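Got the structure open on your screen? Let's take a walk through it together, starting from one spot on the inside and working outwards.

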Amino acid sequence: MENLKTAEDDIHFKSMKLYFNPNRIYKQLENAGFTGSKLTVEQVSKFDNYHYYGTKAVDDCIEKLQINKTFQVLDFGSGIGGPARHLASKSRCRVKAVEIQEDLNKIAADLTNRCGLSDRIDHVRQDIYKLDTDSNYFDCAVSWLAVNHIEDKAGLFEKLFTMLKKGGKIYIEDFYQKGPVTENEREILFIDDLPTIEEYRKYLVDAGFINIEILNVTSSWIKFVTNRAEVFANERAQNCASFGEETVNSLQDFYDGMKSLYDTNTIGGVQIYAQSPNN
Ligand SMILES: C[S@@+](CC[C@H](N)C(=O)[O-])C[C@H]1O[C@@H](n2cnc3c(N)ncnc32)[C@H](O)[C@@H]1O
């Protein structure tokens with residue numbers, strides 16, 4: 001228990017507007033007519049991904065890493081469990097889904113249970129730094145938009161390297177820094193510093209990874225964030241009726257703020273793949 005972050009840490013995270021009222025997913029499911037105690041992953045996956053391009057992005061990862069039912073996968077910064085459920089349902093792999101925020105982790109476990117996947121996904125409320133697990137355990141470690149929150153990125157990549165089996169792989173999608181970040185922008189993103197692409201490469205090399213591929217996906221992410229902010233603004237009336245004005249204002253601020261970070265060339269997006277040596 002001593003490894004658990006405290007309630008104050010959760011309040012700290014709640015200053016990021018994306019994480020305001022995560023229970024909104026229950027209203028989204030109700031609005032879509034999915035009210036039964038049993039759900040399918042397809043029903044939930046319209047609403048449960050906090051990264052860009054939802055299940056399509058997870059499919060890219062499954063294909064790149066050739067994930068199958070024999071894999072033990074670590075998904076860190078797992079949010080309300082969208083990527084973990086899609087991974088487990090599509091490839092039948094086992095997933096340890098590690099999420100620091102208690103309320104998000106609780107929603108994740110509930111939805112996973114209702115999708116009948118509790119035997120394949122272990123939801124753990126924990127700081128990934130402090131995850132206590134055997135060395136050489138996971139076949140791969142995956143993550144969507146969580147690395148930007150993590151202060152000691154060099155330490156993170158070293159820990160991932162240790163937790164992976166020999167020949168294990170990582171797949172990460174996250175932001176990189178293109179230009180200087182202002183104090184106001186730091187609040188939107190809830191980050192201290194973002195790595196540049198070259199800094200990501202150095203963290204990976206220093207940790208021992210090989211076969212590193214870092215793909216710049218900024219142009220497709222700009223399309224995503226532009227469309228997300230516009231669609232959400234156009235649906236304001238329905239959204240206010242469903243989630244309340246406070247939640248909608250919070251999310252619209254976040255979506256607009258993220259779009260402006262791309263418009264001002266402050267951040268971009270990367271897809272990172274790397275492997276640990278076979279011996
Ligand atoms: C933008 S969300 C993405 C969630 C999920 N990966 C998805 O794509 O739906 C990033 C998540 O990382 C979690 N996170 C941040 N720092 C973490 C840490 N040190 N350990 C575990 N989770 C962390 C946050 O609480 C948040 O839920």
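Start at V73. Setting aside residues up to four places away in sequence, V73 touches I67, L87, C93, R94, V95, F138, D139, C140 and V142. Keep in mind as you click around that this is a predicted model.

Some of those names come back when you look at the largest nonpolar core, which has 72 residues. The residues with the most contacts inside this core are V73, L87, C140 and A141. The element that gives the most to the core is helix 12, residues 245–263, with seven residues.

Now swing over to the ligand. Which residues come nearest to it? They are Y50, H51, G77, G79 and A146, out of 23 residues around the ligand. Two elements give two or more residues to this shell: helix 5 (82–91) and strand 2 (94–99). As for chemistry, the shell around the ligand is made up of 13 nonpolar, eight polar and two charged residues.

Another stop worth making is I267, which lies in strand 7, residues 267–275. Is I267 buried or exposed? It counts as buried because it has 23 C-beta neighbours inside 10 Å, and the cut-off for buried is 20 or more. Leaving out neighbours within four places in sequence, I267 is in contact with F175, Y176, Q177, K178, L194, L261 and Y262. P180 is 87 residues away from I267 along the chain, yet the C-alpha atoms of the two are separated by 8.8 Å.

That kind of long-range pairing shows up in the contact count for the whole protein too. Take the contacts between residues at least 6 apart in sequence: 76% of them join residues at least 24 apart.

Zoom out and you'll find 12 helices and seven strands in the protein. The radius of gyration is 18 Å, close to the 19 Å that the globule rule gives for 279 residues, so the protein is as compact as a globular protein of that length. Along the principal axes, its C-alpha atoms fill a box of roughly 55 × 45 × 40 Å. Of the 279 residues, 39% count as buried.

How far should you lean on all this? The protein averages a pLDDT of 92, and 94% of the residues score at least 70. Residues 1–7 are another matter, with pLDDT below 50 over that stretch. Beyond near neighbours in sequence, residues 1–7 have seven contacts in the model.

Key. Residues are numbered from 1 along each chain as its sequence is written. This is a predicted model: local features need pLDDT of at least 70, side-chain atom pairs count only at pLDDT 80 or more; totals for chains, interfaces and linings use all residues. A residue is near a molecule or strand if its C-beta atom, placed from the backbone, lies within 6 Å of it. Helices (H or I, at least four residues) and strands (E, at least two) are DSSP runs, numbered from the N terminus. Ala, Val, Leu, Ile, Met, Phe, Trp, Tyr, Cys and Pro count as nonpolar, Asp, Glu, Lys and Arg as charged, and the others, Gly among them, as polar. A nonpolar core is a set of buried Ala, Val, Leu, Ile, Met, Phe, Trp, Tyr and Cys residues joined through C-beta atoms within 7 Å. A residue is buried if 20 or more other C-beta atoms lie within 10 Å of its own, exposed if 12 or fewer, and partly exposed in between; C-beta atoms are placed from the backbone. Two residues are in contact if their C-beta atoms, placed from the backbone, lie within 7 Å. pLDDT is the predictor's confidence in each residue, from 0 to 100. The radius of gyration is taken over C-alpha atoms; the globule rule is 2.2 Å times the number of residues to the power 0.38.
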